[in-house]
Amino acid sequence: YRRQRQMCIRDRNYWTHCGLIKINGEKMSKSLGNSLTIRDALKMYNYEVIKYLMFSKHYASDIDILDSDFQLSERHMYYFYSTIKSMENFITSNNGNVKAEVLEDEIPNTIISKFEEVMDDDFNTANGVTVLFDMAKWINSGNYDQTVKDAFEKMLQVFGIVFEEEVLDEDIEKLIEERQAARANKDFATADRIRDELAAQGIKLLDTKEGVRWTRD
């Protein structure tokens, strides 16, 4: 991984082999009709979500992709996005001031060291994702400052994940359109599922005479 990381810094591009790819427990193949290409996946999901899903699996093991994995990845990505937005809002409202106790806290340094350790262990991105959650959980307990925000974003950038609010908003609008189509077709089960999916991401829907409006918690 150290050599790959150096190559990545220079070329910003590298690839790895992976194990057998399965879809819902079955080998992916054209004969079974369960093939899923990157091009097809991009029609349904944001590219950041797809990257995150793949990094949540260890590249050297068989990769079993479940239908629910994409929805779970969307929720996880939104959690990380919300964490960054919370820090940005705090920093802005406090004119960039930081809390002294955060700078003296060894927790972020410990987490970052752990992240480097697992990533140096044969590029173990699956465990790297777990460490990201540890960092986000610690941040959301109220530890907001620019130094911590920069560290968290650098960890995400190792995976090539850079949040774009406009893209996330487009994804939300797409889901709302799908919900409206489902309601028009009296497919209320699908409409309710989409509403619940958005609610899990902190998105509240309001049906008005002018159409659907949405806000973030």
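**View 1. E153 is partly exposed, with 22% relative accessible area.** Here "buried" means under 20% relative accessible area, "exposed" means over 50%, and "partly exposed" is anything in between, using a 1.4 Å probe and protein chains only. You're looking at a predicted model, where local features need pLDDT of at least 70, side-chain atom pairs count only at pLDDT 80 or more, and totals for chains, interfaces and linings use all residues. Residues are numbered from 1 along each chain as its sequence is written, and side-chain values use heavy atoms, leaving out hydrogens and water. E153 pairs up with K149 in a salt bridge, with N and O 3.1 Å apart; the term stands for a side-chain nitrogen of Lys or Arg within 4 Å of a carboxyl oxygen of Asp or Glu. The two are 4 residues apart in helix α8, so about one helical turn separates them.

**View 2. K149 also forms a salt bridge with E88.** In this pair, the closest N and O atoms are 3.8 Å apart. K149 sits in helix α8 (residues 146-158) and E88 in helix α4 (residues 67-93), so the bridge ties together parts that are 61 residues apart in sequence. Helices here are DSSP runs of H or I with at least four residues, strands are runs of E with at least two, and both are numbered from the N terminus. K149 is buried, at 9% relative accessibility, while E88 is partly exposed, at 26%. Zoom out a little and you'll find K85, E88, K149 and E153 linked in a network of salt bridges.

**View 3. K114 and E117 make a salt bridge within helix α6.** Their N-to-O distance is 3.9 Å. Both residues belong to the helix spanning residues 107-119, and they're 3 residues apart, or about one turn. K114 counts as partly exposed, at 39% relative accessibility. Across the model, the salt-bridge count comes to 7.

**View 4. I38, L42 and Y47 form a nonpolar patch on the surface.** Together they offer about 290 Å² of accessible area, worked out by the Shrake-Rupley method with a 1.4 Å probe, where only the protein chains shown count as cover for residues. Patch members have over 30% relative accessible area and no salt bridge; like charges are joined within 9 Å, and nonpolar side chains (Val, Leu, Ile, Met, Phe, Trp, Tyr) within 5 Å. Y47 is part of helix α3 (residues 47-55) and is partly exposed, with a relative accessible area of 36%.

**View 5. Strands β2, β1 and β3 line up, in that order, as an open sheet.** The pairing is mixed, and the edge strands, β2 (26-27) and β3 (63-65), each pair on one side only. Strands count as paired if DSSP finds at least two bridges between them. Between β1 (residues 21-23) and β3 there are 3 bridges, running in the parallel sense. If you'd like one to look for, K22 has D64 in β3 as its bridge partner.

**View 6. Stepping back, the protein chain has 10 helices and 5 strands.** Of its 217 residues, 34% count as buried. Its accessible surface comes to about 13200 Å², and carbon and sulfur atoms account for 51% of that. Among contacts (heavy atoms within 4.5 Å) between residues at least 6 apart in sequence, 67% join residues at least 24 apart.
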